[in-house]
Each structure stands twice: as structure tokens, then as C-alpha cells.
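Trainee: Could you take me through one part of this model closely, namely the surfaces that chain B uses, both towards its partner chain and between its own domains?

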Amino acid sequence: MDLKINIGNIQLPNPVGTASGTFGFGEEYGELLDLSQLGAIYTKALTPMPRDGNAVPRLVETPSGILNSIGLANPGIEKFLSDKVPFLETVKCPVILNVSGSTEADYKEVIERTDNLECIDAYEINISCPNVKHGGLAFGTDPIQVENLTGKLRKLTVKPLIVKLTPNVTDISVIAKAAEAGGADSISCINTVRGMVIDTKRKQSVIPAGISGLSGPAIRPVGVAAAYTVSRAVKIPVVGLGGIMSADDAIQYLLAGASAIQVGTGLFVDPLLPIKVLNGIQQYMKENQLEKISDFHTFIN
Amino acid sequence: MKQFISTVIELKSIAEDYFLLSFTWIPDSTPAAGQFLTIRTTELSSPLLRRPFALSSFDNKSKTASIIFQKRGEGTKIMSQLIKGDKLDIMGPLGNSFSDFKAKSDNTKKKQVIVAGGIGTGPMLYLAEEMREGGIEPLLIVGCRTKSLIPFSSFNKNIETVICTDDGSFGFKGNVIDYMNSNDKLTSDVTIYCCGPEPMLKGCHAYAETTNNTCYVSLEQMMACGIGACMGCTCETEGEKKYARVCKDGPVFKSSEVKWT
Ligand SMILES: Cc1cc2nc3c(=O)[nH]c(=O)nc-3n(C[C@H](O)[C@H](O)[C@H](O)COP(=O)(O)OP(=O)(O)OC[C@H]3O[C@@H](n4cnc5c(N)ncnc54)[C@H](O)[C@@H]3O)c2cc1C
Ligand SMILES: Cc1cc2nc3c(=O)[nH]c(=O)nc-3n(C[C@H](O)[C@H](O)[C@H](O)COP(=O)(O)O)c2cc1C
Ligand code: FES
């Protein structure tokens with residue numbers, strides 16, 4: 001059985017990764033699970049300057065989900081280099097840096113200043129965050145901007161570029177094609193779904209930022225549909241995520257056409273979930289006589 | 001920090017909607033007063049997140065620990081139906097502790113005043129016990145709305161305890177701050193430790209400011225990961241950093257370092 005998958009010029013040992021923003025830079029969860037078993041760590045978003053993040057509270061639970069407005073809180077490049085890189089250098093699985101920003105220059109700066117780091121195997125370009133005023137989602141909803149930005153970042157690095165898409169668009173396949181045309185090596189989907197919870201007593205949004213990002217099992221069918229749509233629109237591999245809480249959930253994404261998956265909110269509930277998902281995928285492959293991950297893609301048209 | 005499967009030893013009702021849950025402790029590390037753990041309350045997808053609770057006791061010999069919790073919503077409702085022998089998915093010990101500060105501040109000559117209210121009672125009973133075992137005689141002040149909410153069976157007779165009720169149905173009539181204001185002995189050379197509802201924390205902080213004393217508070221915030229990875233549980237601070245993570249940098253903070261709104 002071969003669990004390896006190729007993304008651009010790199011190979012991931014298996015398809016199970018941890019979703020950006022739910023896993024920090026890996027240090028904390030490293031105490032609870034064996035990082036070397038992961039297919040990849042997708043780090044917290046990195047922007048050139050440190051970001052404090054949004055006003056509190058930033059989280060609220062919703063039916064089978066959570067709504068968050070973290071606001072890309074991250075240490076910025078300087079502190080990333082001094083405080084996080086030494087740890088990432090010890091990590092035995094591939095590390096994929098999640099790149100974010102408010103302007104095109106922000107995305108470029110993060111790649112330019114980290115491209116020489118051996119501990120970073122690929123970039124995930126976050127053009128889909130609903131929780132920042134500028135950039136983020138604004139980039140990810142316009143195919144012209146997506147192709148343009150991807151093309152510019154393509155020139156800066158030979159490392160694989162995985163462009164992360166939002167489901168908050170009319171037709172995700174148009175955006176995926178634009179990223180592919182710009183030179184993306186892979187598409188990951190989905191980022192969070194725009195959502196809101198209102199406190200009827202205070203007559204205010206529970207989260208001060210207002211509309212925030214919904215994740216968890218509540219959005220899984222949205223994610224599976226996106227992975228299905230995008231896999232049919234592009235030739236590059238798709239990384240599926242959104243609401244994965246079990247191996248069976250992950251298998252839905254693989255059958256839908258994804259080559260890899262990420263576990264996000266599910267980690268908060270069970271830190272060992274990625275390992276359980278990986279074991280479950282192997283079990284399913286054995287039972288269904290699948291040799292490799294691409295064999296999952298032969299069933300659903 | 002460790003994720004482990006624990007076994008319920010006992011669930012006991014100790015006041016109206018308040019329960020004492022004791023369970024086996026698997027990790028090698030000893031939890032300290034102020035530290036917390038998270039419990040997965042169901043295998044289903046709702047309630048989804050693990051629920052955080054502060055430890056209310058720990059016995060090293062029998063390797064058992066306990067929490068005191070209030071039945072509030074779905075998660076704690078499920079927990080209120082636990083029975084002896086049930087398995088519990090626990091992560092802990094998490095966060096810092098009051099002891100981290102106790103050790104640093106050389107103020108054992110000062111009177112140690114422990115103020116507790118509502119769901120903050122558990123960790124403060126543990127702190128009082130920890131101090132007593134360390135040869136310090138703290139004063140424990142517990143505030144409750146009314147008599148039916150007082151967990152009488154949880155108090156240790158060997159610890160000086162004052163109970164305040166808002167409606168005067170038991171003990172001192174008034175809140176914990178009213179009590180402190182009424183007691184001259186508490187105006188100088190005390191160190192205050194507080195866990196309870198936000199107004200109580202604020203009140204203790206203000207009291208410490210006006211009397212020139214130090215106060216430590218344990219904060220609450222919505223948590224997702226509980227281990228410092230998601231940046232979801234932050235509180236505003238006065239320092240150079242605008243926010244601190246309640247789960248990892250706290251939950252215990254020096255009250256002067258918290259931005260009170
Ligand atoms: C560090 C810390 C220590 C705590 N210690 C205790 C304790 O010793 N005893 C006790 O009774 N309670 C304690 N709490 C509060 C306890 O976590 C909540 O009462 C519990 O999560 C409620 O869950 P529920 O499903 O019953 O209610 P819900 O109806 O889901 O929630 C009721 C309220 O509980 C809080 N809450 C819910 N989910 C979370 C979460 N994931 N993280 C943080 N807060 C949440 C929110 O304020 C919410 O409005 C502590 C909280 C924190 C952050
Ligand atoms: C607390 C939190 C923080 C997140 N931060 C980021 C981020 O920094 N960058 C990013 O691309 N996605 C971020 N996301 C989105 C997740 O990576 C993921 O796309 C989304 O949560 C759906 O997957 P899930 O349902 O498995 O969590 C965040 C999600 C959560 C819940
Ligand atoms: S709950 Fe995730 S950082 Fe505190």
C-alpha cells in the first residue's frame with residue numbers, strides 16, 4: 001500500500017495534515033501526538049509584521065461547529081525566525097507555511113524572507129480568511145486577482161504553492177482554475193464559512209468582529225462538495241478539509257477527489273485524531289483493495 | 001500535559017446545581033491549584049468542544065483528583081449524569097497555577113486571603129488546602145447569592161472560612177468586597193487570590209489597588225484547544241503585548257496586568 005502523495009516537486013509521506021490556525025506551529029500539540037507520523041503540518045498564518053488579533057471573545061460554539069474570529073494573530077516574520085524556526089527544524093514531517101497578508105507585498109515579503117529555510121517544504125497561500133478587514137477573503141473571491149497574485153508568488157519560489165480557497169463564492173471552480181492558471185501546484189479547500197451568532201439579550205453579535213468563520217462538522221458537506229467541484233475543475237492535486245472528525249469523514253473527501261486532507265477543529269476535540277484518521281484510511285484501503293491514494297478517485301464521476 | 005482516560009470515582013451533589021466529581025489521575029505530573037483540565041463530554045458532535053474545569057483537589061497517595069462544577073448547559077448536564085466507573089477523556093494539567101506566583105512573591109508574612117465565588121470555588125478550596133499543608137494559615141472568603149448555593153460539605157474546618165451571602169440567608173450579609181471593607185485587619189499587608197465571576201475579580205482588583213496590596217486572579221475565557229495553539233482564548237493585558245492566552249499564559253494573572261473593561 002502506498003500512502004505517499006506528490007504536490008509540486010515534493011512528496012508527502014501520507015495524506016493526513018493538520019489545518020492552519022488550529023495547530024499553531026506544532027510545539028504545543030507535539031506534546032500530545034507524534035508529529036513524525038503526520039503527512040504535513042500546515043502552520044498558523046504568517047504575516048510580515050506581528051498581529052495581535054481581533055477583539056475578544058474570539059470564539060463561540062455553534063451547533064456541531066465553532067465560529068471564530070482570531071484575526072490572524074501571529075508573531076510576524078522576525079519572531080517566527082527566532083522563536084519558531086528552531087523548533088520547526090527538529091520536526092520530522094513536512095512543514096507547510098501558511099502565508100497571509102493584507103496586500104500583495106505582504107504575501108511576497110513572507111515568501112522572500114522564508115524561501116531559504118530548509119525546514120519549510122511548501123507554502124499554503126491563504127487568500128480566504130474571513131477575519132481580516134483587508135486582503136484575505138477579498139483576494140480569494142476575484143479570479144483575476146487570484147491568478148495575478150499566484151503568478152507573482154510563483155516567480156519567487158520553486159517550493160510548491162498550495163492556494164487555499166474560500167467556499168464563500170458563487171462558483172469555486174472559477175477561482176480554482178484561476179489559481180491553476182497562475183501556477184499553483186495544488187488547491188486546498190475549504191477555509192471557514194462566513195457565519196454569525198447574535199446574543200439576543202445584549203442585542204449584539206457574540207463575537208465583537210461580527211461576521212466570523214464557521215468550522216467543524218457543521219461545514220463538512222460544504223467542504224466535501226467544494227473538494228468534489230474543484231477536483232473536477234483542475235488537474236493539480238486537491239487538499240480537502242472542513243469538519244473532519246473521523247476516518248470516514250476523511251475518506252469522503254478522498255472519494256470526492258482530494259489527494260490529501262487536513263484535520264482542523266477536530267483536533268480541539270481529540271488531539272490524536274490525525275493518527276486515528278490515518279489508521280482508518282489504511283484500514284479502508286486494505287478492505288477495499290486500494291493500492292494508492294489516487295485509487296480513491298475512480299469511483300465517483 | 002497529557003490526554004488520558006480516567007475513571008469516575010464519585011459524583012456528588014454538593015449544593016443546588018453544584019457537583020463534586022472525583023476521578024482517577026493518570027499523568028505523572030502533580031497538578032497545582034489554579035491549573036485546569038478539559039473534559040470531552042460526549043462522543044457526538046454536539047456539544048463539540050472540550051469543557052475546561054479547574055481542579056478542586058488532588059491526592060497524591062491515591063492518585064485521585066476532583067473538580068467542582070455547576071450544571072449550566074448541555075456539556076455540564078451530561079457530566080451531571082456520570083456514575084462511578086464511567087470513563088472520562090481528560091486533558092491536563094493545563095495552564096499556570098497560583099503556586100507559580102506564591103513561590104515568586106516572598107510575601108508569606110502577609111495574610112493570604114483567598115476569595116472564591118460560584119464556579120471559582122473549586123480551585124480556591126484547593127489553594128487553601130495547598131497553603132494549609134505548606135504551613136500557611138489562609139483566610140478563605142466565599143461569596144454566594146444565597147444559602148442553597150453554599151457547598152457546606154466541601155469546606156475544611158481547619159481553614160478559617162467566612163461565608164458571605166448576597167441575601168443574608170447565611171453568614172455575612174453582602175458580597176465578599178463588602179466583607180473585606182468591613183474588616184479593618186484586611187486593609188494592609190494582605191495578598192489576595194481570587195477566582196469567581198467577573199464582578200468579583202474586578203472588585204478584588206480594585207480593593208487591592210486602593211489598599212496597596214497585590215492580587216492574583218484566575219480568568220475565564222471561551223477555549224478551543226486549551227493548550228496555547230489556537231489563539232482563541234485571549235484576554236487583554238496591560239503589558240507590551242496586547243493579549244495573553246488564558247489557557248497557556250494564565251489562567252492566573254497578577255490583577256494589575258489585566259486590562260479591566
Ligand atoms: C480555565 C477555566 C476554568 C474553569 N473552571 C470551572 C470550574 O472549576 N467549575 C465550573 O463549574 N466551571 C468552570 N469553568 C467554566 C466551564 O468551563 C463552563 O461552565 C462549561 O464549559 C459550560 O459548558 P456547558 O456545555 O455546560 O454550557 P454551555 O451552555 O455550552 O456554556 C455556558 C457558558 O460556559 C462557558 N463555556 C462553554 N464552553 C466553553 C469552553 N469551551 N471554554 C470556556 N468556557 C466555555 C461560556 O461562558 C458559556 O457561555 C471554567 C472555565 C475556564 C475557562
Ligand atoms: C481557530 C481557527 C484559526 C484558523 N486560522 C487560520 C489561519 O491562520 N489560516 C488559514 O488559512 N486558515 C485558518 N483557519 C481555517 C482552518 O484552517 C480550516 O480551513 C477550517 O477551520 C475548516 O476546517 P475544520 O472544519 O477542520 O476546522 C482557522 C480555523 C480555526 C478554527
Ligand atoms: S484555547 Fe487555544 S490558545 Fe487558548
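Mentor: What follows looks at the contacts of chain B, starting with its partner chain and then turning to its own domains.

Please keep in mind throughout that this is a predicted model. At the boundary between the chains, 28 residues of chain B are in contact with 31 residues of chain A, and the area buried between chain B and chain A comes to about 2,500 Å², with carbon and sulfur atoms giving 62% of that area. On the chain B side, the residues that lose the most area to chain A are B:Met1, B:Leu48 and B:Tyr243, which together account for 23% of what that side buries.

Turning to the charged and polar pairings, the count between chain B and chain A is 2 salt bridges, and A:Glu28 forms a salt bridge with B:Arg245 in which the closest N and O atoms are 3.8 Å apart. Across this interface there are also 10 residue pairs in polar contact, counted where both residues have pLDDT 80 or more. The elements of chain B that give two or more residues to the side touching chain A are β1 (2–15) and β14 (243–245), and the residues of that side divide into 14 nonpolar, 7 polar and 7 charged.

Within chain B itself, the domain assignment gives domain 1 (2–94) and domain 2 (98–257), and the C-alpha centres of these two domains of chain B lie 21 Å apart. Here 21 residues of domain 1 of chain B are in contact with 27 residues of domain 2 of chain B, and the two domains bury about 1,900 Å² between them, 64% of it on carbon and sulfur atoms.

The count between domain 1 and domain 2 of chain B is 1 salt bridge, and the side chains of B:Arg72 and B:Glu220 meet in a salt bridge with an N to O distance of 4.0 Å. Across the interface of these two domains of chain B, 5 residue pairs are in polar contact, again with both residues at pLDDT 80 or more. On the side of domain 1 of chain B that touches domain 2 of chain B, the elements giving two or more residues are β1, β4 (51–59), β5 (64–70) and β6 (87–94) of chain B, and β4(B) gives the most to that side, with 6 residues. The residues of that side of domain 1 of chain B divide into 15 nonpolar, 4 polar and 2 charged.

Definitions and conventions. Residues are numbered from 1 along each chain as its sequence is written. Chains are lettered from A and ligands numbered from 1 in the order in which they are written. This is a predicted model: local features need pLDDT of at least 70, side-chain atom pairs count only at pLDDT 80 or more; totals for chains, interfaces and linings use all residues. Side-chain values use heavy atoms; hydrogens and water are left out. Contact means heavy atoms within 4.5 Å. Buried area is the accessible area (1.4 Å probe) that two parts lose on being put together, summed over both. A polar contact is a pair of N or O atoms within 3.5 Å; within protein, one must be able to donate a hydrogen and the other to accept it, and residues adjacent in sequence count only if both atoms are side-chain atoms. Helices (H or I, at least four residues) and strands (E, at least two) are DSSP runs, numbered from the N terminus. Ala, Val, Leu, Ile, Met, Phe, Trp, Tyr, Cys and Pro count as nonpolar, Asp, Glu, Lys and Arg as charged, and the others, Gly among them, as polar. Domain bounds come from an automatic or database domain assignment.
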